[in-house]
Structures are given as structure tokens and as C-alpha cells.
Amino acid sequence: MHFLFYRDRILIKSLVNCIYAQATFSEASGLFSISVKIPESTSQLDNGNVEFTIQAPANKGWTAVGIGGTMAGSLIFVLYPGSGNNVTVSQRLGRGEVMPEYYAQTNLQMKQGTGIAAAMMTAIFTCQNCKRWLGGKLDITATDQDWIYASNSADTIRTDDRQATIQRHSDSGYGTFTMDMTKAVVPDAQASTPATSNPATPISGSTGSLNNQSSLLSKKNTYIIVHGKFSFA
Ligand code: HEM
């Protein structure tokens, strides 16, 4: 009896690990959420795939996340509504505190499930050449990989053009968070399954912390931890 109980616990734990094996972050106020998976067999290759699911409100302009700690040098994905129920994901390179530039060297393949539903943009895509770019890299061994985010809820942008001009983020709309990338590396068979992610429903197994840099008005580098929702699988 005791043995069965122990065995069942192991089984349940591995099932849970299997379901939730991914790196995720859900911003607590519902601004965005992101899940990342990296297929194990190509995880060491710079041009290996990275699987993304990003969600953000559809009625609030653009929302972006970027791999890196500052605008400069980050590989950024900007989401905005496209035609019909499409979601446009624009891959860009941060060059400093100016509009990030479209980055054609990174290739995105949009996947089924991408679109606008219930006032939410969902972008599910495979990214090739997302692990190393001009000025930065995604460290798959990092338990605290830096990411940035930003949004502009007033920008009325709606276009399929990945190179469209976006308006600068609003004052309250940018910051940093970290994710445990070691959790993102999964067996290949699991990587093809889109990771679930919903800003309003933080996922068990998510991991991250948030620094809201909008409080950096004095620019003294005093980060204020606001409210990252996180737990560990
Ligand atoms: C038109 C586009 C953009 C312009 C003109 C712009 C401009 C700026 C400026 C001037 C600052 C300095 C702080 C301030 O004055 O508020 C800043 C900071 C910041 N921006 Fe942007 N930004 C743009 C888009 C983005 C995007 C798409 C992201 C994506 C994640 C982003 C993330 C950040 C972050 C994290 C900071 C904090 C400081 C830093 O990392 O350099 N920005 N931005």
C-alpha cells in the first residue's frame, strides 16, 4: 500500500513535469504572458528552433517582449492586431532607446492557434535563429535569463506589416522579468505542442520575477519588484 502510494506520487510528478515542462511568465496585471519551449536535440545549436506562445490583450495597442536586459541588444517580438483576426508578430532588434529595427535574419513560422479571440491576441510561433543575434544571445543554461517587455495601450496600430512604425511605449508600460530557461528545454516530441499560456490564468510550473522599470524616473537603478506570479514545477 505504502509502495503504491509512493509509486503513484512519482507517476503524478512526472506527468505534471511533462505537462508543464516549459519556461513561462505571466504578468500579474494581465499585460502579457509568455511560454517558451526548446527542442532538446537542437538546443545547443544557435539556429535551432525556439517555440513561443505569447498572449496579450487585443484592445490595448501593441505589446512586446524581448530577450535581453535592456532595449539595446535585445531581440524583440512586437505583437499587434493584423487584418481580420490575425495577429502580427514583428521581430526586431533593439538598438538603444529608439524604435527597434525589423530583423529579417530571424525567421518566424506562425502556427495554428494564432489569432484574436475573446479580446486576446495569441501568437504561437516557431522562431529560427533566435538564440544568437547581432549583439546578444539566449542562454539556455540560465536560470535567470533577462527579458524585457513594453506596451503602448493607446497605439491604434492594426496591420499585417511586420515593419510598421510603432509609437513609443507609454510611461507605465515597460520593464524586465527573468525566466528559468533550463525549464524550457524539453524532449522534441513535447516541444511541438504549443505551450499553454494565459495572462489571466497563471500556469503552474511558471517561473519568473518582474521588475517594473517604469518606476525608474530618477534613473537610479533602484528596481522595484512589483508582483511577478511564479511557482516551480
Ligand atoms: C517606437 C518605439 C520605441 C521607442 C521610441 C522607445 C524609446 C525608449 C526610451 C526613450 C526609453 C528611456 C526611458 C523613457 O524615456 O521612458 C526607453 C526605455 C525602455 N524601453 Fe523602449 N522604446 C520603444 C520601443 C520599445 C519596445 C518595443 C520595447 C520592448 C520590449 C521597449 C522596452 C524598453 C525598456 C525595457 C526600457 C527600459 C530601459 C532600457 O532597457 O533601455 N521599448 N525606450
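How many nonpolar, polar and charged residues does the shell around the ligand have? The shell has 13 nonpolar, five polar and two charged residues. This is a predicted model. The protein chain holds two helices and 17 strands. Strand β13 recurs below: it contributes to the ligand shell, pairs with β4 and pairs with β14.

**Ligand surroundings**

- The ligand is surrounded by 20 residues.
- Thr-70, Glu-97, Met-99, Ile-148 and Ala-150 are the closest of these.
- Four elements each give two or more residues to the shell: β4 (62-67), β5 (75-81), β13 (145-152) and β14 (174-179).
- By class, 13 of the shell residues are nonpolar, whereas two are charged.

**β13 and its partners**

- Seven of the eight residues of β13 are buried, so the rest of the structure largely encloses this strand.
- β13 pairs with β4 in the antiparallel sense, over six bridges.
- In that pairing, Ile-67 stands opposite Trp-147 of β13.
- β13 also pairs with β14, in the antiparallel sense and over six bridges.
- Here Trp-147 stands opposite Phe-177 of β14.
- Trp-147 therefore has Ile-67 opposite it and Phe-177 opposite it.**Nonpolar core**

- The largest nonpolar core has 44 residues.
- Ile-54, Ala-64 and Leu-79 touch the most other members of this core.
- β5 gives the most to the core, with six residues.
- β5 (75-81) is also one of the elements that give two or more residues to the ligand shell.
- Leaving aside neighbours within four places in sequence, Ile-54 is in contact with Phe-32, Ile-34, Val-65, Phe-77, Leu-79 and Ala-123.

**Chain as a whole**

- The protein chain has 233 residues, and 41% of them count as buried.
- Take the contacts between residues at least 6 apart in sequence: 66% of them join residues at least 24 apart.

**Confidence**

- The average pLDDT of the protein chain is 79.
- A pLDDT of at least 70 is reached by 73% of the residues.
- Over residues 10-19, pLDDT stays under 50.
- The model gives residues 10-19 three contacts beyond four places in sequence.
- Residues 213-233 also have a pLDDT below 50.
- The stretch 213-233 has 40 contacts in the model beyond near neighbours in sequence.

Methods
Residues numbered from 1 in each chain as written. Predicted model: local features only at pLDDT ≥ 70, side-chain atom pairs only at ≥ 80, totals over all residues. Near = placed C-beta within 6 Å. Nonpolar A, V, L, I, M, F, W, Y, C, P; charged D, E, K, R; others polar. Buried ≥ 20, exposed ≤ 12 C-beta atoms within 10 Å, placed from the backbone. Contact = placed C-beta atoms within 7 Å. pLDDT = per-residue confidence, 0-100. Pairing = 2+ DSSP bridges. Core = buried A, V, L, I, M, F, W, Y, C linked by C-beta atoms within 7 Å.
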